[in-house]
Amino acid sequence: MVELKQLKGAQPELASAVDMQLALVDMQRRVQSRVPLPWIQVEADWLRAQLAGGRPIVRFRDIPIEWSDFRLTFRQTADILHRHEALERPDYEAIAVIGRDERQALELVVATWYEATSGVENADPTAERLPAGAPAALDQVLLLALRPFLSRSVEAMAERTELSGWTHGHCPFCGWEPDFAVITPSAERRLICGRCVAQWAFPTLTCPFCANDDRALITSFATRDGKYRVYACDVCRRYLKAYDARHAARPVLVTVDTIATLPLDAAAIQRGYLG
Ligand SMILES: [Zn+2]
Ligand SMILES: [Zn+2]
């Protein structure tokens with residue numbers, strides 16, 4: 001929170017993005033403090049087989065969702081995005097209707113979306129990730145609303161999971177894509193999941209989105225102060241930002257660093273890469 005407020009002082013052009021992030025962080029922290037650490041029953045053989053097969057390990061039923069709390073979180077997330085102009089009114093209204101729906105309906109929307117996007121279990125291949133007619137922005141609302149619950153399951157699983165054999169670009173816990181990375185003081189790159197914020201090691205010059213590992217086809221550039229770096233792939237045209245902790249005074253702070261690097265997104269997009 002302090003770091004975010006400092007960022008706003010140092011870069012006033014980021015003020016509105018910082019304000020939205022402050023509201024989201026504040027809400028998610030309050031929710032997370034109410035969510036108990038779940039006891040997750042998994043067989044060691046199942047766990048090993050999932051990881052060996054490149055399948056993530058947090059099943060939907062292992063997420064400790066208390067539905068009245070989830071419904072509130074879902075609504076507040078949509079409110080915050082709308083208030084900060086990150087969600088247009090027609091989308092906001094359509095999402096509010098989904099949030100007000102019968103308990104079972106929202107439950108089904110969340111379960112279908114998680115199963116279709118995590119790859120933990122064999123999802124129904126005919127099921128769409130979002131309900132018919134729902135705005136694409138629902139993805140972002142679900143992702144942010146589920147995070148405080150999902151991250152508790154990740155916390156519970158992380159203690160007994162050996163990730164050294166995980167060589168994939170997607171998250172070993174929830175299957176989502178990385179949306180940030182950190183370069184550790186020992187020069188290892190760790191990817192950070194865009195949904196549950198878990199971290200895992202991944203080769204520095206391989207693209208996590210298409211597995212291209214031809215160094216000549218990875219473009220990397222840093223900010224002038226050396227704090228941040230972009231890795232862009234010249235095969236799939238996607239890019240990933242990273243915090244370079246090798247000479248830094250503090251560890252990576254995802255909520256701060258993703259906002260502080262918004263100018264880098266503009267630079268990457270200007271060079272023709274896709275977010
Ligand atoms: Zn994840
Ligand atoms: Zn790529």
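Q: Is Cys-193 buried or exposed?
A: This is a predicted model, where local features need pLDDT of at least 70, side-chain atom pairs count only at pLDDT 80 or more, and totals for chains, interfaces and linings use all residues. Residues are numbered from 1 along each chain as written, chains are lettered from A and ligands numbered from 1 in written order, and side-chain values use heavy atoms, without hydrogens or water. Buried means under 20% relative accessible area, exposed over 50%, partly exposed in between (1.4 Å probe, protein chains only). Cys-193 has just 2% relative accessibility, so call it buried.

Q: Which residues coordinate the zinc ion (ligand 1)?
A: Donors are N, O and S atoms within 2.8 Å of the metal (3.2 Å for Na, K and Ca). Here they sit at 2.3 to 2.4 Å, and each one is an SG atom. Along the chain, their residues follow C-x2-C-x18-C-x2-C. Meet Cys-171, Cys-174, Cys-193 and Cys-196.

Q: What arrangement do the four donor atoms make around the zinc ion (ligand 1)?
A: Four donors count as tetrahedral if all angles lie between 85 and 135 degrees. Around this zinc ion (ligand 1) the angles are 98 to 120°, so the arrangement is tetrahedral.

Q: What spacing do the donors of the zinc ion (ligand 2) follow along the chain?
A: Cys-207, Cys-210, Cys-233 and Cys-236 hold this zinc ion (ligand 2) through their SG atoms, 2.3 to 2.4 Å away. Their angles of 103 to 115° make this arrangement tetrahedral. Reading along the chain, you get C-x2-C-x22-C-x2-C.

Q: What is the relative accessibility of Cys-210?
A: Cys-233, a donor to the zinc ion (ligand 2), is buried at 1%. Cys-210 counts as partly exposed, because its relative accessibility is 31%.

Conventions
Tetrahedral: all angles 85-135°; square planar, octahedral: opposite > 155°, others 65-115°.
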